[in-house]
Amino acid sequence: MPELPEVEVIRRGLQRHLPGRTIIEITAGNKKLRLPLPRKNLKKFIRGARVTSVDRRAKFLLLAMNNGAIMVIHLGMTGRLGIFPAGTARSKHDHLQLQLDNNIQLRFNDIRRFGFITVLPPGSDTAGTMLDNLGPEPLGQDFTPDYMLKQASGKNRPLKNFLMDNRIVVGIGNIYACEILFQAGLKPDKKVSSLTLKDWGKIVASSRHVLQKAIASGGTTISDFVNESGKSGYFQLELQVYGKLGQACNCCSTPIAKKTMAGRSTFFCPKCQK
Ligand SMILES: [Zn+2]
């Protein structure tokens, strides 16, 4: 599943190609994604509009149009975006194709169809939409040790589950939560109310470091993403604990342990993480 760094890498790729381009035609398939394709609004607000910017909120890609409409794309489990010269053969699971005014097409491909595309008409209020009730961005200025300390006050939730809660902070998925807590030296099942400001400082710093590193290593795939199909920003992560059950910890050589938390595999070093 694409996590925040992969989505950010894709955003950067799109930002280089889409702003300034007008969408002159839209071809939508018949298959239902997680939500039905918004045919009416695509025709009404996206066809003929010019892209002004490509932004990201949590794992949503937001294509802003010059008429004020926003096209929201979520990649779900297997969604991919690709940029192709017009005339390139379509793939089996291409669900949406946007023809740009420079003979280039943006295509959305999704084998499992858990992804979705929606259109916010000009002047839309995001209250009540999927963009509502989201916590701060982990790479933004509002994600601070003070903020986390306040959020955690009086709560008995396990640290890892808390960190993966989009209402607290967005976009930290299972793999990155494991890696962040390893780097911060904190046990995934610690009760959040027991963490000090200093602990939160480590978590905020580790989050930035781990996510930024992942974005940087994904950056090398941007050219693939633009030139070819099927390589939409996926990359091999340099993981320290995730998926490493029984392997020696890179810091202390203790075997990496695993437990299930909220139904998710959780990997950690029993010695380094306290
Ligand atoms: Zn260790």
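In this predicted model, the largest nonpolar core contains 30 residues, of which Leu 14, Ile 46, Met 65, Met 71, Ile 73 and Leu 81 touch the most other members. The surroundings of Ile 73 illustrate how distant parts of the sequence meet there. With neighbours within four places in sequence set aside, Ile 73 is in contact with Lys 59, Phe 60, Leu 61, Leu 63, Leu 81, Phe 108, Phe 116 and Ile 117. Separate from this core is a second one of 24 residues, including Phe 162, Ala 184, Leu 186 and Val 192.

**Helices H2 and H3**

Ile 46, named above among the residues of the largest core with the most contacts to other members, also belongs to helix H2. This helix spans residues 39-46, and its buried residues are Leu 42, Phe 45 and Ile 46. Because these residues cover an arc of only 100 degrees around the axis, they lie on the same side of H2. The cover over the buried residues of H2 includes strands E1 (23-28), E3 (60-65), E4 (70-74), E6 (94-100) and E8 (116-120). Exposed lysines, namely Lys 40, Lys 43 and Lys 44, are carried on the face of H2 turned away from the buried side. Just after the helix, Gly 48 adopts a positive phi of about 90 degrees.

Helix H3, residues 145-152, can be described in similar terms. Its buried residues are Tyr 147, Met 148 and Ala 152. Viewed down the axis of H3, these fall within an arc of 125 degrees, so they line one face of the helix. Asp 146 and Lys 150 are exposed on the other side of H3. Just after H3, Gly 154 has a positive phi of about 75 degrees.

**Loops and strand positions**

Positive phi values are also found at two residues that are not glycines. Asn 103 has a positive phi of about 70 degrees and is placed in the loop between E6 and strand E7 (104-110). For Asn 133, the positive phi is about 60 degrees, and the residue is found in the loop between E8 and H3. Both asparagines appear in the following table, which lists accessibility for selected residues outside the metal site.

| Residue | Relative accessible area | Class |
|---|---|---|
| Asn 103 | 54% | exposed |
| Asn 133 | 61% | exposed |
| Pro 19 | 28% | partly exposed |
| Phe 84 | 11% | buried |

Pro 19 occupies the loop between helix H1 (4-17) and E1. Apart from neighbours within four places in sequence, Pro 19 is in contact with Leu 14, Val 51, Thr 52, Ser 53 and Val 54. One of these partners, Leu 14, is among the residues of the largest core that touch the most other members. Pro 19 and Gly 79 are separated by 60 residues in sequence, and their C-alpha atoms are 22 Å apart.

Phe 84 lies in strand E5, residues 79-85. Along the chain, 28 residues separate Phe 84 from Arg 56, and the distance between their C-alpha atoms is 22 Å.

**The zinc site and the cysteines**

The zinc ion is coordinated by the SG atoms of Cys 249, Cys 252, Cys 269 and Cys 272, at 2.2 to 2.4 Å. The angles among the four donor atoms run from 101 to 113 degrees, and the site is tetrahedral. For reference, the ideal angle for four tetrahedral donors is 109.5 degrees. In sequence, the donor residues follow the spacing C-x2-C-x16-C-x2-C.

The accessibility of two of the donors has been computed. Cys 269 is buried, with a relative accessible area of 0%, whereas Cys 272 is partly exposed, at 24%.

Cys 251 lies between the donors Cys 249 and Cys 252 in numbering but is not listed among the ligands of the zinc ion. With a relative accessibility of 61%, Cys 251 counts as exposed. The cysteine sulfur closest to that of Cys 251 is in Cys 272, at 4.6 Å, which is too far for a bond. A disulfide is a covalent bond between the sulfur atoms of two cysteines, and the cut-off applied to such a pair is 2.5 Å. A search of the whole structure finds zero disulfides.

Technical notes. Residues numbered from 1 in each chain as written. Predicted model: local features only at pLDDT ≥ 70, side-chain atom pairs only at ≥ 80, totals over all residues. Heavy atoms only, no water. Donors = N, O, S within 2.8 Å, 3.2 Å for Na, K, Ca; no water. Tetrahedral: all angles 85-135°; square planar, octahedral: opposite > 155°, others 65-115°. Buried < 20%, exposed > 50% of the residue type's maximum accessible area, 1.4 Å probe, protein only. Core = buried A, V, L, I, M, F, W, Y, C linked by side-chain atoms within 4.5 Å. Contact = heavy atoms within 4.5 Å. Helix = DSSP H or I, 4+ residues; strand = E, 2+ residues; numbered from the N terminus. Arc of directions from axis to C-beta.
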